[in-house]
Amino acid sequence: MIDPLRIRSLNDAPVRPDREWVLYWMVSSRRIGFNPALERAAAHARALKRPLLVLDAVECDYPWANARFHACAIGSLWDLAARFQSAGIAHYPYVEPEPGAARGLLAALAAQACVVVTDDSPAFFFPRSRAAAARRLDVALEAVDGVGLLPVRAAPRGFLRAVDFRRHLASALPTHLGRFPLADSLSEPLPRAPSLPAAVTARWPLARPGDPLPAVVDRSVAPVAWKPGETAAIRDLRSFVARLDDYTEDRRHPDREGTSRLSPALHWGHLSVHAIWAEIADRCGVDVVAGWEGLPEPHRNFLDELVTWRELTHNTAAFLPNYDAYDSLPWWALESSAKHAGDPRPYLYEVEDLETASTHDPVWNAAQRQLVAEGRIHNYLRMVWGKKVLEWSPSPEEGFRTLLHLNNRYAIDGRDPNSVGGIAWVFGRYDRPWGPERPIFGLIRYMSSEATVRKVKMKEYLRNHQ
DNA sequence: ATCGGCTCGCGCAA
DNA sequence: TGCGCGAAGCCGAT
């Protein structure tokens with residue numbers, strides 16, 4: 001059974017049992033495994049004895065759209081198309097050829113739907129687009145939260161420190177581990193797939209592999225080697241879990257690639273946290289309901305990153321107003337930064353200097369080059385990368401904006417509560433004051449490129465990104 | 001190599 | 001009201 005705390009009704013319109021199909025408007029959970037929204041839509045279809053239709057649309061003018069992100073979004077269409085076809089589910093892959101072309105498609109499919117189910121997600125443009133749909137549709141619209149192990153909106157409040165969120169997690173998690181979504185949302189038989197309505201496909205033609213990239217999409221950020229889609233994500237997951245024993249030590253060193261690198265798959269919804277925990281639990285021979293307290297240290301460390309930190313940042317996105325704006329940072333950090341607003345900045349860079357990795361600092365330049373070339377920065381260096389932009393910007397507000405810009409434009413896991421959380425941490429969120437009080441930083445935790453080179457193994461990394 | 005000090009806010013015990 | 005302690009650090013003293 002789907003956890004009722006994951007389901008929200010977004011409008012007052014009724015379920016209309018005499019219509020043609022149940023529509024799943026797939027948005028941020030683009031997967032078949034452990035997808036409570038898809039599971040919910042399938043349950044409606046069985047109860048109403050109607051077929052299931054999945055709308056899987058990629059618009060071309062969402063914020064930060066470019067060729068890199070389009071490749072991520074479109075790549076999963078074909079992975080899903082094959083799997084929906086073999087499950088006998090009608091799948092409507094659509095790639096918008098020009099801005100605004102998709103307008104009306106959801107409504108056209110919803111006009112023949114008994115009920116519409118979509119993904120819940122607290123951030124980016126998703127809340128606005130759901131709200132617009134809720135106003136427009138004449139049929140019940142439900143949002144189902146497949147973000148994490150805990151339903152985001154079931155939290156009693158927003159949490160601003162990991163230690164407090166951990167306490168909440170410890171009390172809430174046992175219940176929710178007992179309400180796992182299905183490993184295969186389509187495991188139970190469904191009514192036969194409808195043929196897609198000709199009047200709709202005539203106006204919004206089905207996407208096909210090899211369709212050209214829409215002309216309007218920004219080509220200046222090129223696709224990267226990361227392979228999108230649930231199938232690839234599960235393969236990557238298994239290979240990571242096999243080397244999890246070394247996680248605690250290896251994740252610190254850029255030369256070792258000990259991190260999971262699963263963050264893009266989580267961001268695009270190609271992989272769920274449930275799938276990751278189930279895979280680890282299975283390999284360790286424990287039941288998912290038992291939790292990970294008894295597992296070895298590397299496993300616990302990874303799950304703390306995956307669950308505590310990831311779900312904390314989603315909690316922040318859902319509960320802290322303007323969570324991605326500078327002035328939502330903690331009071332002590334704003335005050336300390338303000339006190340140092342007049343400090344001289346020995347290095348000041350324009351966004352363009354940063355974007356082209358033209359600073360005096362070889363560590364920072366290497367991280368920025370990795371971001372541009374690969375769409376990611378090694379986790380440890382991502383912190384230093386951020387701290388330096390704080391140091392080299394005319395003001396912390398501008399540094400904050402610059403980091404969001406660089407991250408949203410290049411990172412394949414950007415535009416996500418998690419990466420906003422990482423950037424906000426640079427300016428003090430989730431952290432505490434640290435003496436001694438320094439120029440520019442004030443009491444905000446300081447990091448240096450020089451100490452980083454001493455502490456972590458990154459000779460090859462510096463060679464590879466120059 | 002390891003250790004303390006730097007500094008603030010919060011939950012909890014008293 | 002006091003106490004302990006907290007995402008990833010840094011620096012200097014031992």
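## A walk through the model, stop by stop

Begin with Q368: select its side chain and the backbone of E355, and you'll find the backbone oxygen of E355 lying 3.4 Å from a polar atom of the Q368 side chain. Keep in mind as you click around that this is a predicted model.

**Stop 1: around Q368.** Colour helix 14, residues 362–374, and you'll see that Q368 belongs to it. Is Q368 buried or exposed? It's buried, with a relative accessible area of 0%. Now show what surrounds Q368: leaving out residues up to four places away in sequence, it touches L354, E355, A357, W385 and L406.

**Stop 2: strand 6.** Next, select residues 141–145, which make up strand 6. This strand is mostly covered, as five of its five residues are buried. Turn on the side chains: L141, A143 and D145 point one way, while E142 and V144 point the other way. That fits the general pattern, since side chains in a regular strand alternate between the two faces of the sheet.

Now add the partners of strand 6. Which strand pairs with strand 6 in the antiparallel sense? Strand 1, residues 7–9, does, over three bridges. To line the two up, look for R8, which stands opposite A143. Then bring in strand 5, residues 113–120, which runs parallel to strand 6 and is joined to it by five bridges. Here the pair to pick out is D120 opposite D145. Finally, show helix 4, residues 126–136: with strand 5 and strand 6, it makes a right-handed β-α-β unit.

**Stop 3: helix 11.** Select residues 297–319, the 23 residues of helix 11. Put a distance label between the first C-alpha and the last and it should read 31 Å, close to the 33 Å expected at 1.5 Å a residue. Where is the kink in helix 11? It's centred on D304, and the angle is about 30°.

Carry on into the loop between helix 11 and helix 12 (331–339), where N322 sits. N322 has a positive phi of about 55° although it isn't a glycine. N322 is also exposed, with a relative accessible area of 54%.

**Stop 4: the loop between helix 16 and helix 17.** Helix 16 covers 396–410 and helix 17 covers 417–426, and D413 is in the loop between them. D413 counts as buried, at 10% relative accessibility. Show the side chains of D413 and R382: a polar contact of 3.1 Å joins them. Beyond its neighbours within four places in sequence, D413 is in contact with S263, P264, H267, R382 and S419.

R415 lies in this loop between helix 16 and helix 17 too. It has a positive phi of about 55° without being a glycine, and R415 is buried, with a relative accessible area of 6%.

**Stop 5: a cis peptide.** Move to the loop between helix 17 and helix 18 (449–455) and select P436. The peptide bond from G435 to P436 is cis, with omega near -10°.

**Last stop: A275.** Select helix 10, residues 273–284, and pick A275 within it. A275 is buried, with a relative accessible area of 14%. Not counting residues up to four places away in sequence, A275 touches F34 and L237. For a long distance label to finish on, try A275 and R68: they are 207 residues apart along the chain, and their C-alpha atoms are separated by 26 Å.

Terms used
Residues numbered from 1 in each chain as written. Chains lettered and ligands numbered in written order. Predicted model: local features only at pLDDT ≥ 70, side-chain atom pairs only at ≥ 80, totals over all residues. Heavy atoms only, no water. Helix = DSSP H or I, 4+ residues; strand = E, 2+ residues; numbered from the N terminus. Expected span 1.5 Å × (residues − 1). Bend = angle between axes of the 7 residues up to and from the residue. Buried < 20%, exposed > 50% of the residue type's maximum accessible area, 1.4 Å probe, protein only. Polar contact = N/O pair within 3.5 Å; in protein donor to acceptor, adjacent residues only side chain to side chain. Contact = heavy atoms within 4.5 Å. Pairing = 2+ DSSP bridges. Right-handed = clockwise from strand over helix to strand, strands pointing away.
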